[in-house]
Amino acid sequence: MPQHFDAIVLGVGGMGSAAVYQLARRGRRVLGLEQFDIPHALGSSHGISRIIRLAYYEHPSYVPLLRRAYELWRELEAGVGERLLHVTGSIDAGPADGRCFAGSLESCLLHDLPHEVLDGKHVNRRFPGYRLPDDHHAVLQPEGGYLLSERCIVAHVVAAQALGAVVHARERVLGWEPRGDGVRVETDRGTYEAERLVVTAGAWAGTLLPALRPLAVPERQVLGWLQPARPELFMPDRFPVFNLEVDEGRYYGLPIAEVPGFKIGRYHHLEEAVDPDRADRDCHPRDEAILREFAEKYFPDGAGPTMALRACLFTNTPDEHFILDLQPEYPQVVLASPCSGHGYKFCSVVGEILADLAIAGETDHDIGLFRLDRFASHAGPL
Ligand SMILES: Cc1cc2nc3c(=O)[nH]c(=O)nc-3n(C[C@H](O)[C@H](O)[C@H](O)COP(=O)(O)OP(=O)(O)OC[C@H]3O[C@@H](n4cnc5c(N)ncnc54)[C@H](O)[C@@H]3O)c2cc1C
């Protein structure tokens with residue numbers, strides 16, 4: 001007889017670990033299934049750290065979710081006795097009419113977030129690791145910072161296990177099928193049944209739900225850590241995390257943490273859509289050159305020897321907003337694709353939303369932006 005659970009969470013990465021925890025916290029008997037190790041370096045959540053920020057140029061309606069995400073990250077920290085969220089302030093900079101600066105400012109004004117508007121010269125004076133063009137504009141929001149993303153996964157899993165959750169690593173889900181109002185899940189080690197299935201498979205979402213393939217497209221990214229000539233300028237107390245829009249593209253960066261280098265990446269790196277099972281996880285001179293050229297121009301005191309490079313996967317939706325919804329045909333299945341390169345900071349609150357959707361079929365959080373039917377013309381039957 002297959003083992004029976006209230007809920008199965010398929011994929012225990014950033015989002016899945018939070019969903020397992022939130023379901024366990026509400027007394028549900030939950031099974032988390034992860035195909036690799038916990039944590040691992042083949043998905044979307046590795047590379048030590050992720051930016052968290054309240055100012056949100058992607059859309060102002062993310063801000064209320066972010067407030068709750070901050071609360072839940074702090075609760076998790078208190079629960080596991082570990083510092084996971086480090087505040088450095090965040091800079092969103094670029095041309096005055098660019099998406100990063102203008103969008104970030106709009107979100108601050110709309111949601112009454114504390115912030116300062118600075119020009120490039122002022123940013124460079126105040127944070128001497130930066131060398132922004134004089135005529136750039138920047139929003140400095142004091143609550144921005146970074147999360148230790150791999151530690152957060154461990155923390156969510158440990159906290160969930162303490163509440164009775166069952167988590168299996170190195171067990172790949174091969175398929176699922178509806179079974180009455182519930183589901184049956186087959187893995188390479190066994191068969192399980194549950195009332196609900198929460199799919200948090202990251203870059204593999206389209207493998208398990210073929211209709212999601214055009215809506216959740218994996219893309220190879222590369223992160224780089226460079227050793228600064230003046231490391232003191234790149235420490236968390238003097239170097240806010242940044243999103244920066246420049247002629248060369250849109251980049252992000254974080255201060256020195258855990259690796260002896262400051263960290264940078266370029267959104268949509270080489271624009272390489274990939275199959276997650278075949279993606280090139282090696283890093284090459286061409287990958288490094290893109291990051292180094294950017295650092296030499298805008299962070300010249302940071303552009304020393306390369307300390308580390310990592311390949312990682314984005315999973316992009318067509319409008320770069322998340323998918324958080326019930327599967328239309330089988331509402332006992334909850335779908336989550338909260339990435340498009342900016343999802344990590346939301347894991348804590350996404351876990352809460354997914355637990356709401358699994359238990360009640362709805363949530364008090366405003367997830368109107370993330371509904372599947374906005375892509376009605378893209379998707380076939382799910
Ligand atoms: C380079 C890079 C930089 C980023 N920077 C930021 C940032 O600064 N700030 C930010 O907020 N966001 C950032 N993001 C986005 C953020 O990291 C992602 O939104 C987040 O990691 C997605 O988490 P996830 O749980 O969906 O994916 P994952 O953490 O990859 O989890 C999915 C899990 O499902 C498992 N799985 C899949 N299929 C199966 C199966 N069949 N059986 C069992 N298990 C399965 C996978 O192995 C994986 O562990 C960045 C992403 C990348 C790649």
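**Figure 1. Helix 1 is largely enclosed by the rest of the structure in this predicted model, because 11 of its 12 residues are buried.** The buried residues are Gly14, Met15, Gly16, Ser17, Ala18, Ala19, Val20, Tyr21, Gln22, Leu23 and Ala24. Helix 1 covers residues 14-25 and reaches 17 Å from its first C-alpha to its last, close to the 16 Å expected at 1.5 Å a residue.

**Figure 2. Just after helix 1, Gly27 has a positive phi.** The angle at Gly27 is about 80°. The helix that precedes Gly27 has 12 residues.

**Figure 3. Polar atoms of Arg50, Tyr344 and Gly341 approach the ligand.** An N or O atom in the Arg50 side chain is 2.8 Å from an oxygen atom of the ligand. The backbone of Tyr344 places an N or O atom 3.0 Å from a ligand oxygen atom. At Gly341, a polar backbone atom is 3.4 Å from a nitrogen atom of the ligand. The ligand taken alone exposes 1000 Å², and the protein buries 98% of that.

**Figure 4. The shell around the ligand consists of 36 residues.** Glu34, His40, Ser45, Ile51 and Lys345 are the closest. By class, 17 residues of the shell are nonpolar, 14 are polar and 5 are charged. Helix 1, strand 3 (49-52), strand 13 (217-226) and strand 18 (306-316) are the elements that each give two or more residues to this shell. Strand 18 supplies the largest share, 3 residues.

Methods. Residues numbered from 1 in each chain as written. Predicted model: local features only at pLDDT ≥ 70, side-chain atom pairs only at ≥ 80, totals over all residues. Heavy atoms only, no water. Helix = DSSP H or I, 4+ residues; strand = E, 2+ residues; numbered from the N terminus. Expected span 1.5 Å × (residues − 1). Buried < 20%, exposed > 50% of the residue type's maximum accessible area, 1.4 Å probe, protein only. Near = heavy atom within 4 Å. Polar contact = N/O pair within 3.5 Å; in protein donor to acceptor, adjacent residues only side chain to side chain. Areas by Shrake-Rupley, 256 points an atom, 1.4 Å probe, with all protein chains shown as cover. Nonpolar A, V, L, I, M, F, W, Y, C, P; charged D, E, K, R; others polar.
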